[in-house]
Amino acid sequence: MTFRDLILASLAVVVLGVNIVAIKLAVGFAPPLLVTGLRFLAVGLALAWFFPFPKQLWRQVLVLSVVQGLIHHGLMFIAFEGVDAVVAAIIIQLGSPFAVIFAWVILGEKFGLWRTTGMSIALACVVVLAGQPDVWSANTSVLLLVISVMAWGYANIHVKRMGDINILQVMTWMSVFSAPQLLLSSWVMETGQWDAIVAAPLLFWGCVLYVSLGATVTGYGIWYYLLREYKVAQIVPFALLQPVVGVLAGIFILGETLSWEKATGGVIVLFGVAIVQIRSSRVSEK
C-alpha cells in the first residue's frame, strides 16, 4: 500500500469512527427518523448531478433503499437515542457475522470452523454485554440496533448479487430513494420536527453534514476506492480499527464511561469479528 493510500485508509477509519458520535449528537437535537432523512437528502442533493439514474438496476436500488436506508439507518438512528456511543460501536461490529450468515442462507456459501467460532464468540459476548445494568435498561434500543445490524448484513448480500456496479452511483440513488421514505416515516411516527429544526444549533447542522457528506461521501468513498485497489486482507485491519475510534470518540467527545466489563466485552467481540473478517477475506481471494 502506498504512503498516500495508507493516509487515506487512516482518514477513513477516523471519519467513520467519529461518525458514531456525530449521530449520537444529532439525535439529541431532533427526532431520529428526521435526522436520517436529512442525511440521505443531503447525499442525494450533493451527488445525484454526477451519476446517471441506474435504469437497469432501479428495482434493486429501491429494495436496497428500504433495507439499508429505511430499516438499517432508520432503526440505528432511533437506537442511538437510548444507547451510548461506546456500546453502539461494539454492537455494530456484528454486521460482519450477520453478513456471513446471510451469505450462507441466500448464496449457499459455506463457512468452516474458524468463522463459526468467530461468529459464536462475537454473538455470545454481545448477549453478555447486553446484560450489563446500564445496557439492559436500554434493552429496546439494543434490540433495535441488533435488527439494524442484521439489515446491514443482508444489504451486503443484496449488493453482491447486483454484480459489477458503480457503488457510488448505487449509493447516490439509494439515498434519493431513501430520503422520502424516512421523511414520510418521520411525519407519520414522530412529532416536533419543525420546532426541532427551528431551534437546532449550528452543532446539529454540522453533525448532519458530517454524517452525510463527511462519513457517507468521504469516508465510504475512500473505503470503496481502497477495496477496489487492494486485496481485502490488506484492508481488514483498518476495518477493525473503526470501533476502537468510535469507542475513544464516545469517551473523549461525549464524556461516556468505559467500564472494565464493556472494555473486556468489546475486545472479545472484536476478536470474534476479526476471525470472521480475516477468514472471509482469505476465502474471497482464493
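1. A residue counts as buried when its relative accessible area is under 20%. Ser 148 has a relative accessible area of 0%, so Ser 148 is buried. Ser 148 sits in helix α8. Setting aside neighbours within four places in sequence, Ser 148 is in contact with Ile 71, His 72, Leu 75 and Met 76. Please keep in mind that this is a predicted model.

2. Next, the overall make-up. The protein has 14 helices and zero strands. Read from the N terminus, the elements run α-α-α-α-α-α-α-α-α-α-α-α-α-α. The protein has 286 residues, and buried residues make up 50% of them. About 13,700 Å² is exposed, with 70% of that area supplied by carbon and sulfur atoms. Among contacts with a separation of 6 or more, 90% join residues 24 or more positions apart.

3. Now the interior. The largest nonpolar core holds 34 residues. Which of these residues touch the most other members? They are Ile 23, Phe 80, Ile 91, Leu 145 and Phe 204. Six helices each supply at least two residues of this core: α1 (3–26), α2 (32–47), α3 (58–79), α4 (85–91), α8 (139–161) and α11 (202–229). Helix α4 gives the most, with seven residues.

4. Ile 23 deserves its own entry. Leaving out neighbours within four places in sequence, Ile 23 is in contact with Met 76, Phe 77, Phe 80 and Val 211. Phe 80 is itself listed with Ile 23 among the residues that touch the most other core members. Met 76 also appears in the contact list of Ser 148.

5. There is another core, apart from the largest one, and it has 20 residues. Among them are Phe 40, Leu 64, Val 159 and Trp 173.

6. On to the rings. The count of aromatic pairs comes to four. One of them is Phe 53 with Phe 177. Their centres lie 6.2 Å apart, the angle between the planes is 85°, and the pair is edge-to-face. Phe 53 is in the loop between α2 and α3, while Phe 177 is in helix α9 (residues 167–189), so the pair ties together parts that are 124 residues apart in sequence. Phe 53 has a relative accessible area of 36%, so Phe 53 is partly exposed.

7. Phe 204 and Trp 205 also pair. Their ring centres are 4.9 Å apart and their planes stand at 75°, so this pair is edge-to-face. Are the two partners buried or partly exposed? Phe 204 is buried, at 0% relative accessibility, whereas Trp 205 is partly exposed, with a relative accessible area of 32%. Phe 29 joins Phe 204 and Trp 205 in one aromatic cluster. Phe 204 therefore has two roles to note: membership of this cluster, and a place among the residues that touch the most other members of the largest nonpolar core.

8. Last, the surface. In soluble globular proteins, nonpolar side chains tend to be buried together. Here, a nonpolar surface patch of about 500 Å² is made by Leu 241, Val 244, Leu 248, Phe 252 and Ile 253. Leu 241 lies in the loop between α12 (232–239) and α13 (242–252). With a relative accessible area of 42%, Leu 241 is partly exposed.

Technical notes
Residues numbered from 1 in each chain as written. Predicted model: local features only at pLDDT ≥ 70, side-chain atom pairs only at ≥ 80, totals over all residues. Heavy atoms only, no water. Patch = residues over 30% accessible without salt bridge, like charges linked within 9 Å, V, L, I, M, F, W, Y side chains within 5 Å. Areas by Shrake-Rupley, 256 points an atom, 1.4 Å probe, with all protein chains shown as cover. Salt bridge = Lys/Arg side-chain N within 4 Å of Asp/Glu carboxyl O. Helix = DSSP H or I, 4+ residues; strand = E, 2+ residues; numbered from the N terminus. Buried < 20%, exposed > 50% of the residue type's maximum accessible area, 1.4 Å probe, protein only. Core = buried A, V, L, I, M, F, W, Y, C linked by side-chain atoms within 4.5 Å. Contact = heavy atoms within 4.5 Å. Phe/Tyr/Trp six-rings, centres within 6.5 Å; stacked < 30°, edge-to-face > 60°.
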